[in-house]
Amino acid sequence: MVNYEAFLSNAAGHMQESGIRKIAAVGLKVPDLVPLAAGFPSAEMFMWDAFREITASQLTGSDPAALQYGQTRGYAPLLGALTEIMAARGVKTRESELIVTTGSQQGLDLVARVLVDPGDVVLVELPSYTGAISAFRNAGATMVGVRQEADGIDLGDLDRILAQQRAAGRRVRLLYVVPNFQNPTGLLISAAKRRQLVEWAARENVLIVEDDPYGALFFDDLSTEADTRPIKADDSEGRVVYLSSFSKTLAPGFRVAWIVAPEVLTSHFEVAKQAIDICAGALDQRVVFQALKQGLLAAHLPELRRHYQSKRTAMEETLRAELGSLVTWQTPRGGFFVWAELPAPIDTDRFIERAVKHGVAYVTGSAFFVEGAGSGRWARLSFSFPPADRIREGVRRLAAAVREEIGQEAAAAAGVARA
Ligand SMILES: Cc1ncc(COP(=O)(O)O)c(C=O)c1O
């Protein structure tokens with residue numbers, strides 16, 4: 001018998017399975033489960049007919065490059081289209097600052113490989129996106145959490161943590177933030193704070209990694225496009241590495257995303273990417289480009305926003321009706337997630353088993369905290385994927401599970417009191 005553990009690299013030994021994927025895997029084994037766990041976009045909204053036609057048009061054989069290796073930087077016409085998308089978001093971008101990545105997840109991996117040495121400190125929001133945590137962990141980073149408030153990251157806490165880390169002799173390289181409808185909290189960083197963050201990065205000589213897959217999905221009852229203006233838009237010094245993706249707007253199956261960064265850094269991302277996948281998929285990039293060129297994304301976005309907004313409302317209405325004040329959350333102004341605090345004494349890590357037995361899954365809060373503290377009562381409920389009637393059913397099941405759990409806890413407490 002070969003002892004394969006003995007062959008593993010140190011890095012492999014430190015890698016951890018994604019908390020989200022783990023729960024998604026449990027969920028798949030339960031028939032009729034309502035998946036409020038996975039942050040998948042809505043399959044109801046994929047533009048099947050348009051993509052079928054575009055793909056066929058790319059596969060006539062008249063352009064052999066459609067199935068060939070491409071440039072590591074990305075398909076040139078797509079790079080051009082990305083400069084226009086960035087301009088519409090308020091960011092003047094040269095093509096030399098752009099690189100197409102195989103999903104933003106690869107972008108995060110490239111950022112971590114190129115900018116982080118083992119032991120370096122990466123500051124992250126508390127809680128933060130698990131995929132970024134994994135990428136930084138794989139690079140050997142020490143992640144330190146910064147608290148959030150209703151309008152995003154707490155700048156006082158940011159200063160305090162930075163000073164603390166420096167006093168301890170640690171090198172702080174990056175601050176990672178998801179300013180628009182954060183995964184998992186749904187929070188939006190205010191415009192004033194965004195400007196202050198750019199000033200902070202210059203003053204403290206730190207880079208900001210701005211991850212923005214959800215910015216286009218603002219809900220017009222509570223936010224506007226102006227609220228989602230990237231931090232990068234006011235980055236005159238080149239302190240911000242900006243990532244975005246077509247996963248949540250077109251489809252994640254294409255795995256087409258991009259990074260905008262100062263040229264020097266983009267060149268390093270390019271070299272790192274050469275060793276990972278040589279280039280992002282040629283066909284995927286062409287299909288995405290055609291969708292942009294034909295104006296399909298622009299036409300689709302208002303519909304997408306309405307779709308997700310109505311699902312958010314379905315989730316909130318049912319939460320209120322079924323659980324009243326037992327569960328608290330801040331209404332998301334865009335994106336995919338309700339970040340819910342369940343009533344004491346529920347521990348969402350333990351409670352997930354009961355929830356799954358009732359036929360509903362969520363992601364436990366602990367998956368998103370780099371420091372365990374304060375995670376136990378939180379659950380990320382995604383309203384993006386199931387149809388609205390299933391969201392309602394899922395929340396009803398969650399409520400039944402909560403009532404059962406609290407009932408048992410109350411009974412247990414009463415039992416203790418009697419004893
Ligand atoms: C904040 C955040 N960043 C990055 C990603 C990865 O997206 P992609 O599909 O482009 O790899 C996700 C996906 O859920 C996300 O929520």
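Trainee: How do the residues of the shell around the ligand divide into nonpolar, polar and charged?

Mentor: Keep in mind that we're looking at a predicted model. The ligand has 14 residues around it. By class, that shell divides into five nonpolar, eight polar and one charged.

Trainee: And which residues come nearest to the ligand?

Mentor: Start from the 14 residues around the ligand and pick out those that come nearest. They sit in two stretches of numbering, one starting at G103 and the other at S245. The names you want are G103, S104, Q105, S245 and S247.

Trainee: Which element gives the most to the shell around the ligand?

Mentor: Have a look at the helix covering residues 103-115. It puts three residues into the shell, and no other element gives more. That helix is α5.

Trainee: Okay, how does α5 run relative to α6, parallel or antiparallel?

Mentor: Helix α6 covers residues 130-138, and its axis comes within 8 Å of the axis of α5. The two axes cross at roughly 30°. Angles under 35 degrees count as roughly parallel, so α5 is, relative to α6, roughly parallel.

Trainee: Which residues of α6 does α5 meet?

Mentor: On the α5 side you'll find Q105, L108, D109 and A112. Q105 is also one of the residues that come nearest to the ligand. The contact divides into five nonpolar, three polar and one charged residue. Over on α6, the partners are G131, A132, A135, F136 and N138.

Trainee: What about α9, is α5 roughly parallel or roughly perpendicular to it?

Mentor: Helix α9 spans residues 263-274, and its axis is 9 Å from that of α5. The packing angle is about 105°. Angles of 65 to 115 degrees have their own class, so here α5 and α9 are roughly perpendicular.

Trainee: Which α9 residues make that contact?

Mentor: From α5 come L110, R113 and V114. By class, the contact has five nonpolar, one polar and two charged residues. The α9 residues are L265, H268, F269, A272 and K273.

Trainee: Now the open sheet of three strands: which strands stand at the edges?

Mentor: The strand order is β11-β14-β13, with antiparallel pairing. Each edge strand has a single partner, so one side of each is left without a neighbour in the sheet. Those strands are β11 (337-341) and β13 (363-364).

Trainee: Last one: which residue in β14 stands opposite V363?

Mentor: β14 covers residues 378-382 and pairs with β13 in the antiparallel sense over two bridges. Opposite V363 in that pairing stands R380.

Technical notes. Residues are numbered from 1 along each chain as its sequence is written. This is a predicted model: local features need pLDDT of at least 70, side-chain atom pairs count only at pLDDT 80 or more; totals for chains, interfaces and linings use all residues. Axes are lines fitted to C-alpha atoms, for helices over the stretch in contact, and angles run from 0 to 180 degrees between N-to-C directions. Helices (H or I, at least four residues) and strands (E, at least two) are DSSP runs, numbered from the N terminus. Angles under 35 degrees count as roughly parallel, over 145 as roughly antiparallel, 65 to 115 as roughly perpendicular and the rest as oblique. Two residues are in contact if their C-beta atoms, placed from the backbone, lie within 7 Å. Ala, Val, Leu, Ile, Met, Phe, Trp, Tyr, Cys and Pro count as nonpolar, Asp, Glu, Lys and Arg as charged, and the others, Gly among them, as polar. A residue is near a molecule or strand if its C-beta atom, placed from the backbone, lies within 6 Å of it. Two strands pair if DSSP finds at least two bridges between them.
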